[in-house]
Amino acid sequence: MNNDTIQAIEAQNITNAKKLSIIAFSGEFDRLTAAFTIATGAAAVGYEVNIFFTFWGLNAIKKENGRAAIGNNFITKIFGLMMGGLSNTPTSRFNFCGIGPWIFRKLMSKNNVATLEQLVEAAKTLGINLYACEMAMHVLGLKKNDFINEVKDELGVASFLKISEGGRTIFI
């Protein structure tokens, strides 16, 4: 992160008292849905919202939907195959051999509740700040261009803590 970005964040910290930062560690459908529901709700009522995606949570911001052998060695390519983007996220419980997310999407649509994909689009529209964990990217063999364009930056923990300063932080 460059000095201009840090200075802008520091200035924002002084003027913006309503701030929520979310650490999205899980790549599971229901947990990502919860993270994006809380994030979009907070942004809709005027909060500055930052989401820091790490490890399997990076699956939520993957550019390509579907499984692909991305990475720079055999092991990272296996990880790439495991991360299939939003359309391939399992549920944390009762995945039912992969149909759990499909069941949830049907129930959500039937009950006029935003689906995970709709929540991600809403997050983009609301200007929620999306960040990728630099360390997890290195471990998983990912690059910034593997993610959607709305990802503002790849950050280390210290930089994310600086951005989060002065607000609430939750871990999902």
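## A buried face on helix H7 and the core behind it

In helix H7, Phe160, Ile163 and Ser164 are buried (under 20% relative accessible area, with exposed meaning over 50% and partly exposed in between; 1.4 Å probe, protein chains only). The three cover an arc of only 95 degrees around the axis, so they sit on the same side of H7; the arc is that of the directions from the helix axis to the C-beta atoms. Ala158 and Leu161, on the other side of H7, are exposed.

A word on what you are looking at: this is a predicted model, in which local features need pLDDT of at least 70 and side-chain atom pairs count only at pLDDT 80 or more, while totals for chains, interfaces and linings use all residues. Residues are numbered from 1 along each chain as its sequence is written, and side-chain values use heavy atoms, with hydrogens and water left out.

**The chain as a whole**

The chain holds seven helices and five strands, which are DSSP runs numbered from the N terminus (helices H or I, at least four residues; strands E, at least two). Along the sequence they follow the pattern α-β-α-β-α-α-α-β-α-β-α-β. Of the 172 residues, 41% count as buried. Among contacts (heavy atoms within 4.5 Å) with a separation of 6 or more, 68% join residues 24 or more positions apart.

**The largest nonpolar core**

The largest nonpolar core has 40 residues, and Phe36, Ile51, Phe53, Leu58 and Ile61 touch the most other members. Such a core is a set of buried Ala, Val, Leu, Ile, Met, Phe, Trp, Tyr and Cys residues joined through side-chain atoms within 4.5 Å. H7 (157-164) is one of the elements that each supply at least two residues of this core, which also include strand S1 (19-24) and strand S4 (151-155). The largest share, seven residues, comes from H2. Phe53 shows how the pieces meet: leaving aside neighbours within four places in sequence, its contacts include Ala24, Phe36, Ile61, Leu130 and Cys133.

**H2 against H5**

Helix H2 (residues 29-44) packs on helix H5 (residues 116-125) at an angle of about 35 degrees, with the axes 9 Å apart. Here axes are lines fitted to C-alpha atoms over the stretch in contact, and angles run from 0 to 180 degrees between N-to-C directions. From H2, Phe29, Leu32, Thr33, Phe36, Thr37 and Thr40 meet Leu116, Leu119, Val120, Ala122 and Ala123 of H5.

Within H5, Leu116, Leu119, Val120 and Ala123 are buried. Seen down the axis, these buried residues of H5 fall within an arc of 100 degrees, so they line one face of the helix. An α-helix has 3.6 residues a turn, so residues three or four places apart point the same way. The cover over the buried residues of H5 includes H2 and helix H4 (100-110).

**Positive phi angles**

The backbone takes positive phi values at the residues below, two of them glycines placed after helices.

| Residue | Phi | Place |
|---|---|---|
| Phe55 | about 45 degrees | loop between strand S2 (48-53) and helix H3 (74-82) |
| Asn112 | near 55 degrees | loop between H4 and H5 |
| Gly127 | near 75 degrees | following H5 |
| Gly166 | about 90 degrees | just after H7 |

Phe55 has its positive phi although it is not a glycine. Is Phe55 exposed or partly exposed? At 24% relative accessibility, Phe55 counts as partly exposed. Asn112, with 75% relative accessibility, counts as exposed.
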